[in-house]
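Here is a set of questions for someone meeting this structure for the first time. Each answer works through its reasoning before it settles on a value or a name.

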Amino acid sequence: MEPKFKISHFFIHGDPLILGADVSIGIATVMIIFVLTYFKKWKWLWKEWLTTVDHKKIGIMYVIAALLMLFRGGVDALLMRTQLALPNLKVLLSEHYNEIFTTHGTIMILFMAMPLIFAMMNIVIPLQIGARDVAYPFLNAISFWLFFFGAMLLNLSFVIGGSPNAGWVGYPPLSELQFNPGPGENFYVLAIQISGIGSLATGINFLVTILKMRTKGMRLMDMPLFTWSVLATSILIIAAFPVITVTMLLLFLDRFAGAHFFTMTHGGDPMMYINLFWIWGHPEVYIVILPAFGIFSEVTSVFSKKVTFGYTSMVVSMMLISFYAYFTWVHHFFTMGAGAGVNTFFAVSTMIIAIPTGVKVFNWLLTMYQGRIRLTEPMLWTIAFIPCFAIGGATGVMLSIAPADYQYHNSYFLIAHFHQVLIGGTVFGMFAGLTYWWPKMFGFKLNETLGRWAFWLWNIGFYACFMPQYALGFMGMTRRIYTYGWDMGWAPLNLISSIGAVIMGIAFLFQVWEIAYSVKYGERDTTGDPWDGHTLEWSLPSPAPKYNFAVLPEVHGRDAWWKTKEAKERGDYEEKKQELEPIHYPKNSGIPFILSVFFFIAGFGFTFEWVWMGALGLLGVAICLIVRSFQYDTDYYISVDEIKETEAALRGEV
Amino acid sequence: MKLSRLFTRTFLICLVPLILSGCGGKFIVLDPKGPVGEEEKHLILLTTLLIAIVVIPVIILLIYIIYRYRDTPSNTARYRPKWGDNKYLEIIWWGIPIIITVFMAYFTGKSVFALVKPPTTDVKPITIQVTSLDWKWLFQYPDQNIATVNYVDIPAGRPVQFILTSDAPMNSFWIPQLGGQEYTMPGMAMRLWLQANETGKYFGTGANFTGEGFAHMQFDVIAKTEAEFNRWVNKVKAAGKPMDMAIYNRLKQPGLVNKQTYSSYPPHAFEMTLMKNGGHYHERIPEGNQFNPNDTEKTK
Ligand code: HEM
Ligand SMILES: [Cu+2]
Ligand SMILES: [Cu+2]
């Protein structure tokens, strides 16, 4: 059989944008290789990072990858906003604009928001529940590398073969062979597929970790709220991700094997894809917001020096959200006209899901009420989140009114809504979490002054960018158009919106500066408890040793560390002297990395429909799995002496 | 210094007309010209009001609390670190949103069921079949047997039953001033009721992304008096050229075209488009447009 794609499809030529990307990627690669070789860091990279199974290091790698993806997605956004700043601009052609909004959406949701959440989960959960690692550390490493190579596959599409261009939702028949013969949509399908396996594994991993690995005495209703939020998220992931996996598989079979699941002809049903996509897609938006809710609960409590108000309500509302999230998917296509009964049902179920969300907002307010509020950077992000999310949630409720949605749908009103909840909710939430747990991760605080600059620029930029978009929706401006004329009066608001986007871009640069500056000059955290925290992670030195807890703590009730500190203050704290014991610890392994490289090769091969290469990749995957099943020497014991030494060094007793 | 001042001034001066025209910008969704758009606008305003009842107090409370309970040594406000429970307050938090939701659910349901019916029942509706193509709109008038491309004339004051399909990727048919949008889907015939109460020219657009030429899929909706509409139909019938399958197939090719007018079109062209794209797998062809597959045999 003649292969469908030849080498001539490989490199896209003749486009300055892509040429620029090609060149800069080339230069960056050469530079990285040079630096690693010059400083003889290859071995270090492999031993300390690429093969690690330590949840804290995996978390840090998630942070780095996610911030890089935020940068890439942000450049996409700025390109789009430049093109739309004024009518009839020719910065981007239609074909480029379409590719860019597709990769922007896919990257921001799957390769920026998701990994940032996984980062927070990895860094915090074991520390917060008094565990030494996650339940399946090896699987955890696989999850990370699958995400990473999935992301690389999608990013590669920009320079090799052409990017997908049917939107981040990839609706058929537009995403089918008939209208999209190039390899772009294959990149999309396979990148989601590869990283999706990793996400599913993460869900399972953290569900088991939270249910089985809590330290002695920690009942479910004693868990910190961030842990609760991750529990809810894990449940959502486990139930939702198989749906997208199957959906993408069917789409791939259509494209690769000539099947007709979603095609226009031969009995295919594109509507089925739209349903399946959102059966995953709606839970997905809650997957990315729930952990942010958890972070806000932690931060409001700590920086108001108070217990969380309405803990039970908070837990109940998160569990309700993760249940109802499965019964609202049709609100993404009321306009498909499924019928009056169906639309009413899904309109009401969507309004219902807003109730627990609203309750949480009130509980955060009451947590601050009669407290003592410290305006640190994590708290600033939290405070900015509340009005932003209140408005975004409110416009969500407006969208849920099915007949009114006939007017909002596919317009800039919708764009404004979901950016408000995603940026104001998820992104601000992750910034709060990053700045809050940064000292725990790296042992130093981030610079507050630069942080405040970033904070204000983000907020000003955000409102300037997205408030006009609500108005543009009412002016009839639809999403995904690469250009527009002067006649509709859309120009001024679009210009303001673009200026807002640039301000957010500058804000991001301030954050990069903030990190770079703090690496060198940031205030060092010697206590392990720089914020006067309430939960177990603050009982450890910063950064925590690889085994986290030399002796597993025993807790009684919520806010365990706060209680311990109080008891110490009162003087009735009796430290139970526990004998140190050797700690069972997993060995590093190169297999997760190598396995994911093979997945990448398979994905790349199938993208270009070079079956030999796809098969080779899958064979490699199979070999990795077989090799692993015959490895018996996968863990070891950290000796008591080594623990003693590490602890002494960490507590500055050497 | 001078240069930067020059820049800022130029910028500000440029901004003024932009902002002015922005204030004069047309919020067409909030300026409906027919009963469907009217109903939707009422819902929009009602829900905006209801959510404001929640959002505005939240923002005011937030500002008050941050100010009142800031962590300064001189702050004398009450401090209760262990206060984390209050049944009554929680009942209020859960209660208010529930009541608002019940309200909204009632109005939503009522209006969803109303909008699937013709907006007025004492006037005979007109039917227009709409096909979204790559990247243009085809309108067929089954009762008048004429067709247009990229514009549609309708009689004002009469309910219009748009029957929507697509012979290209799924699009969405939207005329903001008359009412909300509905998807055009290959192999499906969806019904959308709209009506213009005033004569005039309205903005229509495709709303669901369909590829390269999507941004240019805008069309004019021209609402005329009954008499003018009839005159227009007669003129089209007399002067326009007929559309045959060859012309249709040319239209179907991806690309952009200008407005076009046809004095007739092949019989059952719309139904054939439906069937070709899998219409026989669906049963959702609205009554009155029930299509008998045997007819295809005859037309062949
Ligand atoms: C208060 C709760 C919320 C309600 C009632 C709500 C309601 C809705 C509705 C009805 C739509 C569909 C509108 C349309 O397509 O015409 C929508 C779209 C969307 N929402 Fe929300 N939403 C809420 C919260 C969230 C959150 C927390 C997120 C994510 C963090 C989110 C992300 C999105 C996204 C990404 C879309 C559009 C996706 C697309 O079409 O590309 N929403 N929302
Ligand atoms: Cu949704
Ligand atoms: Cu359909």
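**Metal sites, cavities and selected residues**

Q: How many of the 300 residues in chain B, as a percentage, are buried?
A: This is a predicted model, and totals for chains use all residues. Residues count as buried when their relative accessible area is under 20%. For the 300 residues in chain B, the buried share is 51%.

Q: What share of the accessible surface of chain B belongs to carbon and sulfur atoms?
A: Chain B is made up, in its secondary structure, of seven helices and 11 strands. Among its contacts with a separation of 6 or more, 69% are between residues 24 or more positions apart. The accessible surface of chain B comes to about 14,700 Å², and the part of it belonging to carbon and sulfur atoms is 62%.

Q: Which residue is the single protein donor of the iron atom of ligand 1?
A: A donor has to be an N, O or S atom within 2.8 Å of a metal such as this one. The iron atom of ligand 1 has one such atom from the protein, an NE2 atom 2.2 Å away, and it belongs to A:H417. In chain A, helix α13 (residues 412–442) is the place of this donor, A:H417.

Q: What distance separates the copper ion (ligand 2) from the iron atom of ligand 1?
A: The copper ion (ligand 2) is held by A:H282 through ND1 and by A:H331 and A:H332 through NE2, at 1.8 to 2.0 Å. The iron atom of ligand 1, for its part, has A:H417 as its single donor from the protein. Between the copper ion (ligand 2) and the iron atom of ligand 1, the separation is 4.8 Å.

Q: What spacing do the donors of the copper ion (ligand 2) follow along the chain, and how many residues apart are A:H282 and A:H331?
A: Along the chain, the donors of the copper ion (ligand 2) follow the spacing H-x48-H-H. A:H282 lies in helix α8 of chain A and A:H331 in the loop between α9 and α10 (340–368), so this pair links distant parts of the chain. A:H282 counts as buried because its relative accessibility is 5%, and A:H331 is buried as well, with a relative accessible area of 14%. Along the sequence, A:H282 and A:H331 are apart by 49 residues.

Q: Which residues are the protein donors of the copper ion (ligand 3)?
A: The copper ion (ligand 3) has protein donors that are SD atoms of A:M271 and B:M185, lying 2.1 to 2.6 Å from it. Because A:M271 lies in helix α8 (residues 270–303) of chain A and B:M185 in the loop between β7 (179–184) and β8 (190–194) of chain B, the pair joins two chains. A:M271 is buried at a relative accessible area of 16%, and B:M185 is buried at 2%. The donors asked for are therefore A:M271 and B:M185.

Q: What volume does the largest cavity have?
A: A search of the whole structure finds four cavities of 30 Å³ or more. The largest is lined by 14 residues, and nearest its centre lie A:D269, A:P270, A:M271, B:P186 and B:M188. By class, this lining holds eight nonpolar, five polar and one charged residues. The space in the largest cavity is about 100 Å³.

Q: How many nonpolar residues are in the lining of the second largest cavity?
A: The second largest cavity has a volume of about 70 Å³. Its lining includes A:Y171, A:R480, B:N208 and B:F209. Besides one polar and one charged residue, the nonpolar residues in this lining number nine.

Q: Is A:Y412 buried or exposed?
A: A:Y412 lies in helix α13 of chain A. Leaving out residues up to four places away in sequence, A:Y412 touches residues including A:R81, A:Y97, A:Q469 and A:R479. Because its relative accessibility is 6%, A:Y412 counts as buried.

Q: Which residue of chain B does A:T308 touch?
A: A:T308 is placed in the loop between α8 and α9 (311–324) of chain A, and it is buried, with a relative accessible area of 15%. Leaving out residues up to four places away in sequence, A:T308 touches A:L225, A:S297, A:S301, A:M314, A:T367 and, from chain B, B:G84.

Note on methods: Residues are numbered from 1 along each chain as its sequence is written. Chains are lettered from A and ligands numbered from 1 in the order in which they are written. This is a predicted model: local features need pLDDT of at least 70, side-chain atom pairs count only at pLDDT 80 or more; totals for chains, interfaces and linings use all residues. Side-chain values use heavy atoms; hydrogens and water are left out. Donors are N, O and S atoms within 2.8 Å of the metal (3.2 Å for Na, K and Ca); water is not among the atoms, so sites may look incomplete. Helices (H or I, at least four residues) and strands (E, at least two) are DSSP runs, numbered from the N terminus. Buried means under 20% relative accessible area, exposed over 50%, partly exposed in between (1.4 Å probe, protein chains only). Contact means heavy atoms within 4.5 Å. Accessible areas come from the Shrake-Rupley method with a 1.4 Å probe; for residues, only the protein chains shown count as cover. On a 1 Å grid over the protein atoms alone, a cavity is a set of points where a 1.4 Å probe fits but cannot get out, and a pocket is an open set with protein on both sides within 12 Å along at least five of seven lines; lining residues have an atom within 4 Å of a point. Grid points are joined across faces, edges and corners, and a volume is the space filled by probe spheres set on the points. Ala, Val, Leu, Ile, Met, Phe, Trp, Tyr, Cys and Pro count as nonpolar, Asp, Glu, Lys and Arg as charged, and the others, Gly among them, as polar.
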